[in-house]
Amino acid sequence: MNELLNAAVPLLLEWYGIYKRTLPWRGTHDPYRVWVSEIMLQQTRVEAVKDYYRRFMERFPTAQDLAAANEEEVLKAWEGLGYYSRARNLHKAAKTIAEKGFPRDFDGVRALSGIGDYTAGAICSIAYDQPCPAVDGNVLRVLTRLLADGRKIDDQKVKSDFAGELKEVYPRQAGDFCQALMELGAIVCVPNGAPLCDKCPWKNICRAHLAGREEEFPVREEKKARKVTPVTVLVLKCGDLFALEKRPDSGLLASLWQFPLFEGEVSPESYGRVIKKQGARHIFTHIEWHMTGYLVETLSCDPKYVWRTAEEIKNNYALPSALKAFIKWL
């Protein structure tokens, strides 16, 4: 296996030098900037992250700036990116970094809040050129195709095995190699649809391609069907004010602000006069919300809710992107 990987490394680095995309977080060895970009890119498309990253860096150019902000500011800057626990962990870790400095080794980086093996490996390789493999779904897809490896990539041992064997072939340009693997998986050895093998630097050595079996890899456990949950969203309007409530401190969308939201059906007429109605759907990792939203004009501001103007909500409160279809009613 290492013989094939050894042959693959220089081909990939040469390809990366020519075809890598220009991205706002590329070309830096600042561990803070690398860290923020890697957290943002978790489960989020590159195109969606670009503008968020630029704005976040303008607002919080250093870990000290991020640490000094309050949580609501951080969540507001993160609004729309989803998976808000990432932002909370980023904020928590920034306070540690502001006090102790950014760690310079894998174990130290791994110990920061919200950082797993993949992110620690990416930071250490990209920021410090350390041979610390960052193995995620993209990398596993690329490698299982290169090697025609039919093991199930959901198995943590398989991921650990790949990390160990990658470490043996990491070149001195560890950061470039780490990013090159990610880049190959993002723009050539793509996750959806047929890979673009004619553009791949490994087309002459990739076992899956040579056998015409590219789309048989990677092999995964069969996914469980998402749970579908009917949800009612009430955008309550009292004069110039709108109702907000805070979600519980744990679970889905923990501690985020939202319009009054109920699982199942409720009667909007019991709250006031219905002005608008709209359906929407939002998919989370393991659950799917089928939402019915109502804009309702109320006669009084129910004290169990927080009431704010549209401008205050848009400027100061982080609402989950799941409610995007109804935020436009403000």
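Reader: Where is A148 found?

Author: This is a predicted model, and in it A148 is found in the loop between helix 9 and helix 10.

Reader: What makes the phi of A148 worth a remark?

Author: Phi of A148 is positive, about 50 degrees, although A148 is not a glycine. The residue comes just after helix 9.

Reader: Why is A148 called partly exposed?

Author: The relative accessibility of A148 is 26%. Buried would need a value under 20%, and exposed a value over 50%. A148 falls in between, so A148 counts as partly exposed.

Reader: Why does S255 count as buried?

Author: S255 has a relative accessibility of 11%. The cut-off for buried is under 20%, so S255 counts as buried. Its phi is also positive, near 65 degrees, and S255 is not a glycine either. You can find S255 in the loop between strand 2 (241-246) and strand 3 (257-258).

Reader: Why is the pair of F56 and W78 called edge-to-face?

Author: Good one to work through! A pair of aromatic rings is described by the distance of the centres and the angle of the planes. For F56 and W78 the centres are 6.1 Å apart, and a pair needs centres within 6.5 Å. The planes stand at 85 degrees, and edge-to-face means over 60. Both conditions are met, so F56 and W78 form an edge-to-face pair.

Reader: What makes this pair a link between distant parts of the chain?

Author: F56 sits in helix 3 (residues 46-59) and W78 in helix 5 (residues 71-78), with the two 22 residues apart. Both F56 and W78 are buried. The structure holds twelve aromatic pairs, and Y32, W35 and F102 form one aromatic cluster.

Reader: What covers the buried residues of helix 5?

Author: The cover includes helix 2 (31-41), helix 3, helix 4 (63-68), helix 6 and helix 13 (310-316). Beneath it, V74, L75, K76 and W78 are buried.

Reader: How do you know that N70 caps the N-terminal end of helix 5?

Author: Look for a side-chain oxygen of N70: it lies 3.1 Å from the backbone nitrogen of E72. A polar contact needs such atoms within 3.5 Å, so the value for N70 and E72 passes. Just after helix 5, G80 takes a positive phi of about 100 degrees.

Reader: How do you know that R86 has no salt bridge?

Author: The nearest side chain of opposite charge is E38, 9.8 Å away. A salt bridge calls for atoms within 4 Å, so R86 has none. R86 is buried all the same. It lies in helix 6 (residues 85-100), and its contacts, leaving aside residues up to four places away in sequence, are I39, M40, L41, Q42, T44, W78 and L81.

Reader: What makes R55 a charge over a ring?

Author: The charged end of R55 sits over the ring of Y52, 4.8 Å from its centre. The distance limit is 6 Å, so 4.8 Å fits. R151 likewise lies over the face of F162, at 5.3 Å from the ring centre.

Reader: Why is helix 9 called mostly covered?

Author: Nine of the eleven residues of helix 9 (residues 137-147) are buried. Among them are V139, R141 and L147. Helix 1 (2-19) and helix 10 (156-169) are included in what covers the buried residues of helix 9.

Notes:
Residues numbered from 1 in each chain as written. Predicted model: local features only at pLDDT ≥ 70, side-chain atom pairs only at ≥ 80, totals over all residues. Heavy atoms only, no water. Helix = DSSP H or I, 4+ residues; strand = E, 2+ residues; numbered from the N terminus. Buried < 20%, exposed > 50% of the residue type's maximum accessible area, 1.4 Å probe, protein only. Lys, Arg positive; Asp, Glu negative; His and termini not counted. Contact = heavy atoms within 4.5 Å. Phe/Tyr/Trp six-rings, centres within 6.5 Å; stacked < 30°, edge-to-face > 60°. Lys NZ or Arg CZ within 6 Å of the ring centre and 35° of its normal. Polar contact = N/O pair within 3.5 Å; in protein donor to acceptor, adjacent residues only side chain to side chain.
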